2 protein chains.
Amino acid sequence: MPDRPTSRDVARLAGVSRTTVSLVLNNVPDVHISPETRQRVLEAARQLNYYPDVSARRLVSGKTSTIALVWHRGPDRTYRDGFLPGLLQGVTRAARQYGYYVLFRPIEPDEPDDAWVELARGRHTDGLILSGPRSDDTALLDLHREGFPLVLHGQLPGTDIPSVDVDNESGAMTAVRHLLALGHRRIGMVTNAPLAYTASRQRLEGYRRALEEAGVPYDEALVRYGNFDEESGRQAMEALLALAEQPTAVFVASDMVAIGALRALREHGLRVPEDVAVVGFDDIATSRYLTPALTTVHVPAFGLGWSAAELLIRIIEGDTPNETQVRLETELVVRESCGAR
Amino acid sequence: MPDRPTSRDVARLAGVSRTTVSLVLNNVPDVHISPETRQRVLEAARQLNYYPDVSARRLVSGKTSTIALVWHRGPDRTYRDGFLPGLLQGVTRAARQYGYYVLFRPIEPDEPDDAWVELARGRHTDGLILSGPRSDDTALLDLHREGFPLVLHGQLPGTDIPSVDVDNESGAMTAVRHLLALGHRRIGMVTNAPLAYTASRQRLEGYRRALEEAGVPYDEALVRYGNFDEESGRQAMEALLALAEQPTAVFVASDMVAIGALRALREHGLRVPEDVAVVGFDDIATSRYLTPALTTVHVPAFGLGWSAAELLIRIIEGDTPNETQVRLETELVVRESCGAR
DNA sequence: ACGTGTTACTGACACGTGTTAGTATACACC
DNA sequence: GGTGTATACTAACACGTGTCAGTAACACGT
């Protein structure tokens, strides 16, 4: 393995100083280099197959041109795994557009929650996107206070840390409005997760407001709580079916949980959508292939990734955006399970 | 934003030289530091919340402690997207275990195929995992010849570049053997992709060998070619159903393609598995939720990621493994579509 | 002849760390 | 009392780059 060429080698070959090499290769503006010299330097660099050492460049410039995506592995594994490719593609695409690299850093359950801080403190990256933030993370607040560029994917109530998320409440409203428009009045709900999760509370609130808007009284007996997975959906649906007055439609605020709900309905010999209509949330890849295909609320994974990265890079580059709390709209995807066709 | 503390600040506070700080914090062996001094240094570092600057460290040590996963976005988008989370988790887990970071670099269709070489040439990383390599990539061969650490995910016939892949042929054999054991003799096959792809050829070869082993003659009319997506599977199945003598079972070498095949069967009013048994390949997340649930060959995404990263890191650290062509075994997942239950 | 400005470059420093070679002291050994 | 050795540290260099201050040559107007 021959020694890597440095800018010194290029300078020697071109018969100029190292400074000139740097000026030419970086296309520094407002500096005069004769066309012949410029050409000689470029030719020498090409001939030696010279690539600048990014570590040295990082050290002297103080910029890493790298952002990191920190991925907390929580209990909602399945859903988030389906979400990752889109999000990551959005992040990397925006990063590339602005000339940044992307470091991917999952935090495994056996690691401390703040295992990611070294990325910031050790100058690994110029900024961080944190997916699935915890409010008890003091390191997070410290870094934000010190002005380190951060963007959250998901919400952290009570802070002004820039964040990107989907508009959960409006998404849930759209879903429930759709069921109301189809004539349903007795509409049950299964949440995606316990109410400790912000998204769960917001989706429930959307359900509530849609009912209110239509003049349908809110009935607590019709609300059950999912817990990310299929099994929790099955149990929640069982509970709703045990009611004296069964719902004619159910809004399940997570496709994964909805899969369990559909199974419970099938086990009870009930047809979807004829006997009970179902609408989900998330639009995971599987939903379109279910029988019946699941009507659901699409979450724009790519858009979230793109927005998060773009917002972060703006902050890094000192451009202070006037809106740092980005909420993307969802979209209702009508398939078979709601009975609209 | 106050200035970041450097090792010089720590040294000053602890009343020692910068060298001593480095020796203490890196726990350099075979060097004698008195317990009191050691304690003073650690205390000073803690007090200043000192983290070493990795760019400086990288520059002087010549090591980046980073590996990159290069992700070519090819035509098999859907399948590979489902594959990414597992692979990435495997890569990052192995990386963490050995103290490496992971840079994720997708190559978009509008980029040149060798857009990733700057990662190697510019000393961004100590080594690369390339997913979906192309054999016409001369930059790849150059780097390998120069001794740059590389591991391929997927195979590149005719080179000795270390690679990690699934044993496609044996996986296909297991699937077809299963159908043979269930009594089927007229077994069709739909490939996952055109035969230009190594994996397609290998899976077809597995089908062939399993038939041969059972004394069933190979009939070219029973073989059709998929092209990654659902629609190609539907068309291939249509063609098989148009045969005078229809198959009683079909091995579809891709779950995504199998979904299309199932749709064609449904459209023809045929029941699965009663009229036609189906076995897929890949075990994408959706397969278990199909109706009927798809029997398929599980591909260990996590294991592939883990193996690739571990192999790469071994190579980086100068440990020359005697086996550089890793082939992981698949596992048949029996569900409903094969009729074994 | 003189000052001014422009062009085309270069020398030297700085970034923050790891590491080698070296120094000063203390102590043991015959 | 000289030699050898272990202990506890430090001074100085190196990694490869970006950039600021400076310089030599030359043109130009008066």
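## A tour of two chains and a DNA strand

Start by selecting chains A and B together: their contact draws 48 residues from chain A and 47 residues from chain B. Keep in mind as you click around that this is a predicted model. Between chain A and chain B, about 4,400 Å² of area is buried, and carbon and sulfur atoms supply 57% of that. To see where chain A contributes, pick A:Arg96, A:Tyr101 and A:Tyr289, the residues of chain A that lose the most area to chain B; together they make up 15% of what that side buries.

Now try superposing the chains. A turn of 180° with a shift of 0.0 Å along the axis lays chain A on chain B with an RMSD of 0.1 Å. That is how a two-fold axis relates its copies. Colour the interface on both chains next: the copies meet through the same surface, because 98% of the interface residues of chain A are also interface residues in chain B.

Stay with chain A and colour by domain. The domain assignment gives domain 1 as 7-52, domain 2 as 66-166 + 301-327, and domain 3 as 168-299. Place a marker on the C-alpha centre of domain 1 of chain A and another on that of domain 3 of chain A, and you will find them 64 Å apart.

Next stop, DNA strand C. Select what lies within 4 Å of the strand and you should get 24 residues, the closest being A:Ser17, A:Thr20, B:Ser7, B:Arg18 and B:Tyr50. On the DNA side, sugar and phosphate make up 55% of the strand C atoms that come within 4 Å of the protein.

Zoom in on the phosphates for three polar contacts:

- A:Thr20 uses its side chain, with an N or O atom 2.5 Å from a phosphate oxygen of DNA strand C.
- B:Ser7 uses its backbone, where an N or O atom sits 2.7 Å from a phosphate oxygen of the strand.
- A:Ser34 also offers a backbone N or O atom, 2.8 Å from a phosphate oxygen of DNA strand C.

Then switch to cartoon view and highlight α2 (18-25) and α4 (54-61) in chain A, plus α2 (18-25) and α4 (54-61) in chain B; these are the elements that give two or more residues to the surface near DNA strand C. Which element gives the most to that surface? It is α2(A), with four residues.

For a last view, colour the surface near DNA strand C by residue class: you will see nine nonpolar, eleven polar and four charged residues.

Key
Residues numbered from 1 in each chain as written. Chains lettered and ligands numbered in written order. Predicted model: local features only at pLDDT ≥ 70, side-chain atom pairs only at ≥ 80, totals over all residues. Heavy atoms only, no water. Polar contact = N/O pair within 3.5 Å; in protein donor to acceptor, adjacent residues only side chain to side chain. Nonpolar A, V, L, I, M, F, W, Y, C, P; charged D, E, K, R; others polar. Domains from an automatic or database assignment. Least-squares fit on C-alpha atoms with pLDDT ≥ 70 in both. Contact = heavy atoms within 4.5 Å. Buried area = accessible area lost by both parts, 1.4 Å probe.
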